[in-house]
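Welcome! Take a moment to look over the sequence and turn the structure around on your screen. Then read on for a short tour.

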Amino acid sequence: MFGLLNLNKPVGLSSAAVLGRIKHLVKPAKIGHAGTLDPIASGVLIACLGPATRLVEYVQRMPKRYRGVFLLGRSSESEDIEREITELIDPPIPTLDEIQHAAAAMIGEIQQRPPIFSAIKVAGRRAYELARKGRDVELQSRAITVHKLWIESYDYPELTLQIACSSGTYVRSIGRDLAESLGTAAVMSALQRTAIGPFHVADACDPRTLNAETLPSRILSPRAALDSLPTLALSDVEVELVIHGLPFGSPFGTNDSAQLAAIDAQGELVSILYARREGQLWPLLNFRKAGA
């Protein structure tokens with residue numbers, strides 16, 4: 001059990017509930033997930049199995065793609081339909097051209113204020129826990145990157161957006177800020193994560209169909225989590241050095257400090273390497289134990 005599962009999370013289940021359905025199939029291996037999806041959302045959820053749980057942060061850093069549906073002229077505390085919705089009185093009805101112009105202004109690096117109903121910690125507590133108790137929650141804006149933002153369809157009040165963005169982006173807040181720039185408000189009514197890096201929803205499996213027979217064929221190589229890293233094939237001698245925590249001479253010169261995905265002669269992931277000292281590569285994360 002060393003690999004990844006590309007799951008298509010259904011609406012109505014939390015990310016933790018989805019993993020709970022699979023946990024008994026992978027015991028005693030550990031299981032974790034990268035990039036939580038709320039129960040209202042569906043789409044790509046990457047589960048990491050066994051030693052691959054150490055790769056969660058690499059998957060989380062990958063760019064994401066979403067399809068979000070919003071209702072204009074409405075607001076809610078959670079910025080979606082999970083909380084009570086308030087309809088604005090006689091709100092403006094923006095034209096398609098106005099929305100396209102406003103969307104274009106949001107592309108690039110922007111400052112985004114996360115929703116108060118989020119998992120961000122405030123003084124050691126999740127923001128949504130405080131918000132549910134009626135506490136005042138103030139979250140600082142932070143930099144995110146919107147790579148692409150375009151309109152799939154518009155029939156007031158329903159607006160469907162396609163969004164390609166960096167990790168840490170709240171799609172609910174994209175809709176909120178877009179609507180505010182048009183003098184109105186919006187709540188998110190549906191969300192699908194269509195991709196995380198190289199993982200696409202078209203290739204994802206329904207977690208409810210997995211069992212002891214079907215699971216093995218759905219496990220992906222852990223190398224897929226390191227899609228952005230250069231790959232270095234190690235000799236048998238170098239593999240032995242690495243799994244014992246020892247360095248070897250770097251073939252990339254003395255100034256290359258980027259991380260590398262190291263594989264053995266069979267193409268199996270052995271380690272993540274980095275340039276710790278001049279002219280040497282050292283193991284940062286090992287996935288094979290000495291003597292195994």
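Why does Glu77 count as partly exposed? Its relative accessibility is 46%, and partly exposed covers the range between buried, under 20%, and exposed, over 50%. Keep in mind as you explore that this is a predicted model. The tour starts with charged side chains, moves on to a helix and ends with a pair of strands.

**Salt bridges with partly exposed residues**

- Searching the whole structure turns up 8 salt bridges.
- Glu77 has a partner in one of them: its side chain meets that of Arg83, with 3.3 Å from N to O.
- Arg83 has a relative accessible area of 31%, so Arg83 is partly exposed, just as Glu77 is at 46%.
- Another salt bridge links Glu57 and Arg61, whose closest N and O atoms lie 3.1 Å apart.
- Glu57 counts as partly exposed because its relative accessibility is 42%.

**A buried salt bridge and its network**

- Arg176 and Asp177 also form a salt bridge, and here the closest N and O atoms are 2.7 Å apart.
- Are these two partners buried or exposed? Both Arg176 and Asp177 are buried.
- Through salt bridges with shared partners, Glu79 joins Arg176 and Asp177 in one network.

**Helix 5 and what covers it**

- Arg176 and Asp177 both appear among the buried residues of helix 5, which spans residues 171-181.
- Of the 11 residues in this helix, 9 are buried, so helix 5 is largely enclosed by the rest of the structure.
- The buried residues also include Val171, Ile174, Leu178 and Ala179.
- Which elements cover the buried residues of helix 5? The cover includes helix 3 (96-104), along with strand 4 (64-72), strand 7 (108-112), strand 10 (142-155), strand 11 (158-165) and strand 12 (186-196).
- Following helix 5 comes Gly183, which has a positive phi, near 80°.

**Strand 16 and its neighbour**

- Strand 16 runs through residues 260-263, and both of its faces are covered.
- On one side you will find Leu260 and Ala262, and on the other Ala261 and Ile263; all of these are buried.
- Strand 16 runs parallel to strand 14 (residues 231-233), and 3 bridges join the two.
- To find one of the bridge partners yourself, start at Thr231 and look across to Ala261 in strand 16.

Terms used
Residues numbered from 1 in each chain as written. Predicted model: local features only at pLDDT ≥ 70, side-chain atom pairs only at ≥ 80, totals over all residues. Heavy atoms only, no water. Salt bridge = Lys/Arg side-chain N within 4 Å of Asp/Glu carboxyl O. Buried < 20%, exposed > 50% of the residue type's maximum accessible area, 1.4 Å probe, protein only. Helix = DSSP H or I, 4+ residues; strand = E, 2+ residues; numbered from the N terminus. Contact = heavy atoms within 4.5 Å. Pairing = 2+ DSSP bridges.
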